[in-house]
Amino acid sequence: MNAALGRGGVILAFISALGGVGLLGYALLTKQRALLTQVTRFVGFVAAGAVLAFAAMERGLITRDFSMQYVAEHGSTRTPALYNFTTLWSALEGSILLWGLILAGYLVAVTAKFRRRLTDPLVGWALLVMLVVAAFFFGLMLGPANPFRTLSTVPLDGPGPNPLLQNHILVAFHPPMLYLGFVGFTVPFAFAIAALATGRVGEGWLVETRRWTLFAWGFLSVGIVLGAWWSYEVLGWGGYWMWDPVENASFLPWLTGTAYIHSVMVQERRGMLRVWNLSLLCATFSLTILGTFLTRSGVLDSVHAFSDSTIGPLLLGFFGLVVLVSVGLIGWRGDRLRAPGRIDSPLSREGAFLANNLLFAAFAFVVLLGTVFPLIVEAIRGDQLSVGEPYFNRMTMPIGLALLFLMAVAPALPWRKASTETLSKRLIWPASIGTAVLVFAVAVGASGLPTLVAFGLGGFAGAAALRQVVLATRRQGWRGLVGRTNGGMIVHLGIVLIAVAFAASSSYAHQRELVLAPGETARVGTHSVTYLGMRTIVDSAKTAREARIRIDGGQVYAPSLQRFPEGTSEVGRPSVQSGLVDDVYLALVEAPANPGGQARVRVIVQPLVLWLWVGGGLIAVGSMLAAFPGRRRRGTEPVSAPVTVAGPAPTPAAPDEVVREPVGSSLRTATDP
Amino acid sequence: MKGSRIALISAVVVGVIVLLLVIVLATRDPAADRVTRSPLISKPAPPIAGRTIEGQPFDLSRYEGEWVVVNFFATWCGPCKQEHPELVKLAQGDVTNVVSVVFQDDPGTVKAFLKEHGGHWPVINDPTGKITLEYGVPKIPESYLIAPDGTVVAKFISGIEANAVTKLISSFSGRAHR
Amino acid sequence: MHWLVLGFIVIGALIIGTRSTGPSSQEDKVQAIARTIKCPECEGQSVATSGSASSKAIRVDIGARLRRGQSADEIRDYYAAHYGEAILLTPARSGAASLVWIIPVVAIVIAIAALAAAFVRWRSAADGHATDEDRALVAAALADPHGEGSGR
């Protein structure tokens with residue numbers, strides 16, 4: 001029953017998506033603009049099908065319908081309700097289903113937002129692109145990633161989801177957030193393709209999609225931070241980021257997306273960098289597809305590879321198609337994309353954005369190269385090598401430091417050209433605070449050149465962002481906190497926190513593996529740990545052997561080894577004492593054979609880890625503030641629809657008129673009309 | 001126009017690079033099926049000197065001029081138990097000697113295991129894992145075939161088959177005689 | 001003036017901060033090497049973080065080799081010779097593997113050079129007068145209602 005319903009939903013969504021593509025394609029090619037409004041029905045059916053399929057799968061999971069292969073392989077009667085619900089995205093087929101549902105949601109949202117402008121070919125093309133993507137993903141669910149396969153012999157129970165995916169609450173938030181980000185980039189990508197297809201490559205489509213892009217970017221950022229947090233809390237090796245291919249796969253679109261949300265401001269103000277911005281959007285979207293391929297096809301080793309399947313070639317083909325179409329369109333429209341402007345001085349806001357983009361592009365290139373390099377070498381030379389954490393850390397560290405420096409200087413730079421006096425005046429306080437942070441770090445015993453530089457630049461950049469927020473709120477009251485520039489400064493603060501916490505925690509970690517008898521105490525760094533004894537806890541899903549460990553004579557923590565009935569080996573579950581200054585991370589390596597025996601415990605003391613998650617929270621808040629609706633102009637009013645003009649038409653504004661010299665502060669320049 | 005030419009050229013370059021990347025990715029085997037070629041192949045076999053679980057001294061050089069299979073195993077490893085009958089078959093035949101190295105296991109348990117499942121070849125204890133590291137064993141069970149001249153000629157992972165080893169040896173010997 | 005003072009303080013702090021590194025402990029040295037060696041039997045983890053049997057053996061072995069006076073590179077070379085190059089998480093600095101280090105640096109240098117060249121061109125163009133091509137471009141931009149400034 002559930003399987004049939006779900007299958008029906010997938011088929012409905014797939015056919016409606018194809019139908020929508022057909023309708024839009026026909027209407028756009030024959031220029032029957034009235035017909036374009038009919039797309040709402042198709043979008044409605046795609047959404048209905050997606051919701052039906054999702055509901056059917058959840059119903060199957062909740063009612064433990066083991067006649068469904070997916071439930072039989074990943075569900076279990078013993079799994080607690082929450083993790084039973086999240087089982088939907090604990091394996092490949094369900095993840096694709098979640099992807100489809102979110103994409104359908106974005107389709108509905110775009111259709112609703114642009115409901116009065118559906119006859120505009122730009123919107124028509126954008127919806128067409130989104131429907132093509134939807135048809136691809138629902139097509140996957142009809143073929144190799146079918147979540148609704150049934151079993152002829154119905155088992156009585158299933159193994160439950162992967163043990164690592166059912167012992168932490170973050171499993172309920174990290175994948176949906178990440179997917180909201182991944183899938184969200186479909187919207188600006190669709191509008192970029194639409195702009196290329198219609199030839200309306202002006203700035204209208206940018207303004208229309210900038211809030212969508214911000215939402216997608218915010219979700220992706222939060223999704224990545226939550227993923228790092230999940231790794232830290234669950235995987236038991238004390239780290240949160242190891243440049244694993246799957247982590248890189250989520251990080252790559254973030255890098256190009258971040259480059260885009262900066263460089264798009266140059267295009268909005270100066271009309272430059274059109275090709276570059278379109279390329280960044282296309283790259284971001286195609287990298288989400290490539291990332292899904294790397295994660296799901298099993299070509300790369302990964303600690304996060306929870307499933308292999310046969311959808312690899314299809315995803316790869318789709319990736320190739322997306323890139324070829326984007327590149328082809330950009331090449332074809334090259335003549336219209338020529339930028340009319342130029343940049344007067346490298347020492348200007350736009351110059352800083354250019355440098356920012358260079359660095360982000362280099363960052364993305366290093367990460368992509370490092371990720372696929374072993375495969376390339378294997379293809380050429382036939383033997384293998386590995387590219388791991390030390391490579392990525394070493395190569396990205398200088399880029400990261402340069403980005404921190406830019407974050408400090410760029411907000412103080414005016415558009416067009418800066419004089420050294422204004423710059424010196426605006427930067428002296430942030431620089432002093434950065435210096436103070438550095439001196440403080442040295443005073444409390446920090447060492448190591450890159451780490452110290454990171455601290456100093458972090459203070460510098462943080463103070464620069466704070467200065468902007470303070471100036472803006474002083475002038476505009478609460479409005480000084482909303483809008484892209486001001487929200488962006490809050491995001492900067494979050495990034496600075498993450499950068500400083502990353503530098504500190506990776507440079508000053510103390511790791512010890514202790515063998516302790518009950519009652520024995522050992523010191524790690526400035527902390528003492530006392531092993532009290534073992535305790536066994538049995539619940540419906542698992543049996544946990546906990547080592548009870550008292551930290552600094554205070555609270556008792558209980559890292560454990562958990563055995564799930566179907567699992568062959570035990571899964572470690574670390575326990576962490578989080579603090580403002582440092583974290584004490586406990587992982588049980590080996591439980592004693594007899595109750596009075598010695599336990600082997602890994603203890604890791606890392607400073608400032610907590611601030612990574614605080615930074616993630618600030619990014620979320622800042623993204624929301626940045627997307628907060630203010631008074632805005634509308635970019636593509638119907639007036640900007642294609643009209644053939646014989647002579648020179650009256651132009652609303654020459655680009656330079658928009659640029660005002662920032663008086664006192666450059667805060668308002670980017671946000672205000 | 002100049003702008004359009006640059007856009008076109010970069011578009012073509014990017015397209016070609018991505019196409020190459022897609023081809024490379026499309027022709028890769030899944031990571032799980034990939035086998036690392038051992039750097040020891042056609043190199044002199046690392047020496048094995050130590051004590052067997054019975055306490056007798058052992059040195060691999062005693063097999064100079066003969067074929068040897070050096071097997072790495074432990075009783076806690078499922079596939080090792082599965083391949084054990086194949087090793088017994090090899091040891092009973094007269095083409096090759098068999099030597100086992102214990103990988104992080106208790107000698108007592110190993111003795112009990114051999115008593116139950118048969119096996120009368122030298123089993124060397126490797127408490128520090130030194131021999132295992134010398135042979136670069138990533139994951140047991142794993143076996144190396146060593147030729148009479150003392151070079152490693154083949155590596156068998158995740159379970160050895162007696163027939164495959166015999167066939168391999170006869171193919172080498174045939175070549176040597178010709 | 002302020003900047004000069006700040007500069008001196010920063011340099012001073014950096015000198016003190018980078019000089020005061022005490023001798024690192026044996027365990028830290030082992031960890032530093034272990035972080036660059038891949039756990040042979042697991043996927044993508046380093047020997048430093050993995051709890052697998054072979055990782056433990058390798059950590060112990062690294063310690064023993066350090067005590068015998070071997071350098072970090074000698075130890076890494078040993079593992080590469082016995083397990084294959086794929087055991088090293090940092091690709092070699094010679095041969096085809098070194099490309100992974102060189103290509104990004106070259107690419108960044110080229111990109112910076114291109115950007116600098118663009119600035120130089122823009123600057124020289126700023127002094128010059130409009131060419132016919134520029135005028136045609138302006139006319140085209142003005143004539144194109146969907147281009148620059150549309151909707152403003």
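# Briefing: chains A, B and C

At 39% relative accessibility, Arg535(A) is classed as partly exposed. This residue forms a salt bridge with Glu546(A), with 3.2 Å between the closest N and O atoms. Arg535(A) belongs to strand β3 (residues 527-538) and Glu546(A) to strand β4 (residues 543-551) of chain A, so the salt bridge ties together parts 11 residues apart in sequence. Glu546(A), unlike its partner, is buried, because its relative accessible area of 13% is under 20%. The model is predicted. The points below cover chain A as a whole, its salt bridges, two of its buried residues, chain C, the side of chain C that touches chain B, and one residue of chain B.

**Chain A overall**

- Chain A contains 19 helices and 10 strands.
- Its radius of gyration is 27 Å, close to the 26 Å from the globule rule for 673 residues, so chain A is as compact as a globular protein of that length.
- The C-alpha trace of chain A spans about 95 × 70 × 55 Å along its principal axes.
- Of the 673 residues in chain A, 62% are buried.
- Among contacts in chain A with a separation of 6 or more, 74% are between residues 24 or more positions apart.

**Salt bridges**

- Over all chains, the whole structure has 17 salt bridges.
- One of them joins Arg117(A) and Glu208(A), whose closest N and O atoms are 3.6 Å apart.
- That pair links distant parts of the chain, 91 residues apart: Arg117(A) sits in the loop between α5 (92-113) and α6 (121-142), and Glu208(A) in helix α9 (residues 204-234) of chain A.
- Arg117(A) is buried at a relative accessible area of 8%, and Glu208(A) is buried at 8%.
- Arg117(A) and Glu208(A) also belong to a network of salt bridges that includes Asp120(A) and Arg200(A).
- Between chains, the side chains of Arg381(A) and Glu85(C) form a salt bridge at 3.7 Å, N to O.
- This pair runs from helix α13 of chain A, which holds Arg381(A), to the loop between α4 and α5 (99-127) of chain C, which holds Glu85(C).
- Arg381(A) is partly exposed, with a relative accessible area of 36%, and Glu85(C) is partly exposed at 27%.

**Two buried residues of chain A**

- Phe363(A) is located in helix α13 (residues 349-381) of chain A.
- The relative accessible area of Phe363(A) is 9%, so this residue is buried.
- Beyond its neighbours within four places in sequence, Phe363(A) contacts Trp243(A), Phe251(A), Leu255(A), Thr396(A), Ile399(A) and Leu403(A).
- Phe363(A) and Ile537(A) are separated by 174 residues in sequence and by 46 Å in space, C-alpha to C-alpha.
- Gln606(A) is part of strand β10 (residues 599-607) of chain A and is buried at 6% relative accessibility.
- A polar atom of the Gln606(A) side chain lies 2.7 Å from the backbone oxygen of Gly238(A).
- Not counting residues up to four places away in sequence, the residues that Gln606(A) touches include Tyr232(A), Gly238(A), Tyr240(A), Ser505(A) and Asp582(A).

**Chain C**

- Chain C has six helices and zero strands, in the order α-α-α-α-α-α along the sequence.
- Of its 152 residues, 39% are buried.
- In chain C, residues 24 or more positions apart supply 39% of the contacts with a separation of 6 or more.

**Chain C against chain B**

- In this pairing, 17 residues of chain C are in contact with 15 residues of chain B.
- The two chains bury about 1,400 Å² between them, with 59% of it on carbon and sulfur atoms.
- There are zero salt bridges between chain C and chain B, and three residue pairs are in polar contact.
- On the side of chain C that touches chain B, α3 (53-67) and α4 (72-83) of chain C each supply at least two residues.
- This side of chain C has 10 nonpolar, three polar and four charged residues.
- His82(C), in helix α4 of chain C, is buried with a relative accessible area of 13%.
- Leaving aside neighbours within four places in sequence, His82(C) is in contact with Pro39(B), Leu40(B), Leu133(B), Glu134(B), Tyr135(B) and Gly136(B).

**A loop residue of chain B**

- Thr27(B) lies in the loop between α1 (2-26) and β1 (49-51) of chain B, and is partly exposed at 48% relative accessibility.
- A polar atom of the Thr27(B) side chain is 3.0 Å from the backbone oxygen of Ile23(B).
- Thr27(B) and Gly108(B) are 81 residues apart in sequence and 48 Å apart in space, C-alpha to C-alpha.

Definitions and conventions: Residues are numbered from 1 along each chain as its sequence is written. Chains are lettered from A and ligands numbered from 1 in the order in which they are written. This is a predicted model: local features need pLDDT of at least 70, side-chain atom pairs count only at pLDDT 80 or more; totals for chains, interfaces and linings use all residues. Side-chain values use heavy atoms; hydrogens and water are left out. Contact means heavy atoms within 4.5 Å. Buried area is the accessible area (1.4 Å probe) that two parts lose on being put together, summed over both. A salt bridge is a side-chain nitrogen of Lys or Arg within 4 Å of a carboxyl oxygen of Asp or Glu. A polar contact is a pair of N or O atoms within 3.5 Å; within protein, one must be able to donate a hydrogen and the other to accept it, and residues adjacent in sequence count only if both atoms are side-chain atoms. Helices (H or I, at least four residues) and strands (E, at least two) are DSSP runs, numbered from the N terminus. Ala, Val, Leu, Ile, Met, Phe, Trp, Tyr, Cys and Pro count as nonpolar, Asp, Glu, Lys and Arg as charged, and the others, Gly among them, as polar. Buried means under 20% relative accessible area, exposed over 50%, partly exposed in between (1.4 Å probe, protein chains only). The radius of gyration is taken over C-alpha atoms; the globule rule is 2.2 Å times the number of residues to the power 0.38.
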